[in-house]
Amino acid sequence: MTDTRLVPMPATRLPAWLDRTMAEYVDSRMRAGETREQAEANKQRSLDQWFPDGAPLPDHFVWDLVDDEDTVVGYLWIGPFSPGSTEWWVFDVEVEEQHRRRGHARRALEAGQRVAREHGAASIGLNVFGYNTGAQDLYASLGYRVTATQMQLPLD
């Protein structure tokens, strides 16, 4: 088994990561049924709220996931859902496809949970789209439980 460490994402990598993760966010929201306009509006709200000056809020953490060979294998972004809240959120976590199924996401989420706890978090939540059953299985195995379900019927 390989190691997984959380390393603060360098400021030089942050803009490209933010562009990529927000593009993926828009794609995921569209895949889940939103129009491009709705998804883009949600993206902008997220940027305005969590990255008002292009950098994360001070109590938000954006990490590279680094393996035992010092290879960046993914990323994790967590922080309070609202300023000063004890309810924290996993805003984004991803392991690059060629590094999946080695436990990186599990170890990263567990490490992120420890950091959240150290910063006073009482809970940590996340959103997972319905089509992402692999992620749902991982989150359930870590003890996350379903707190809401949204459903949609396309009428075309």
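Strand 1, covering residues 4–8, pairs with strand 2 in the antiparallel sense, and 5 bridges hold the pairing. Keep in mind as you follow along that this is a predicted model. One place to look in this pairing is Thr4, which stands opposite Asp67 of strand 2.

Let's stay with strand 2 for a moment. This strand runs through residues 61–67 and is mostly covered, with 7 of its 7 residues buried. Its side chains point two ways: Phe61, Trp63, Leu65 and Asp67 point one way, while Val62, Asp64 and Val66 point the other way. The residues of both sets are buried.

Strand 2 has another partner, too. Strand 3 (residues 72–80) runs antiparallel to strand 2, and 6 bridges join them. Here you can find Val62 opposite Trp77 of strand 3. Strand 2 and strand 3 form a hairpin with 4 residues between them. If you look into that turn, Asp70 has a positive phi of about 60°.

Now come back to Thr4, which belongs to strand 1. Is Thr4 buried or exposed? Its relative accessible area is 12%, and buried means under 20%, so Thr4 counts as buried. The side chain of Thr4 makes polar contacts with two side chains that you can pick out in the model: that of His104, at 2.7 Å, and that of Arg107, at 3.0 Å. Setting aside neighbours within four places in sequence, Thr4 is in contact with Leu65 and Val66, and also with Gly103, His104, Arg107 and Ala108. Leu65 and Val66 are residues of strand 2 that point opposite ways.

From the strands, turn to helix 2, which spans residues 36–50. How far apart should the ends of its 15 residues be? At 1.5 Å a residue the expected span is 21 Å, and the end C-alpha atoms are indeed 21 Å apart, so the model agrees with the expectation.

Which residues of helix 2 are buried? They are Ala39, Asn42, Ser46, Leu47 and Trp50. Because these residues cover an arc of only 140° around the axis, they lie on the same side of helix 2. What do the buried residues of helix 2 pack against? Their partners are helix 1 (14–31), strand 3 and strand 4 (87–95). Strand 3 is a good place to end the tour, since you have already met it: the strand that packs against the buried residues of helix 2 also forms the hairpin with strand 2.

How values were computed: Residues numbered from 1 in each chain as written. Predicted model: local features only at pLDDT ≥ 70, side-chain atom pairs only at ≥ 80, totals over all residues. Heavy atoms only, no water. Buried < 20%, exposed > 50% of the residue type's maximum accessible area, 1.4 Å probe, protein only. Helix = DSSP H or I, 4+ residues; strand = E, 2+ residues; numbered from the N terminus. Pairing = 2+ DSSP bridges. Expected span 1.5 Å × (residues − 1). Arc of directions from axis to C-beta. Contact = heavy atoms within 4.5 Å. Polar contact = N/O pair within 3.5 Å; in protein donor to acceptor, adjacent residues only side chain to side chain.
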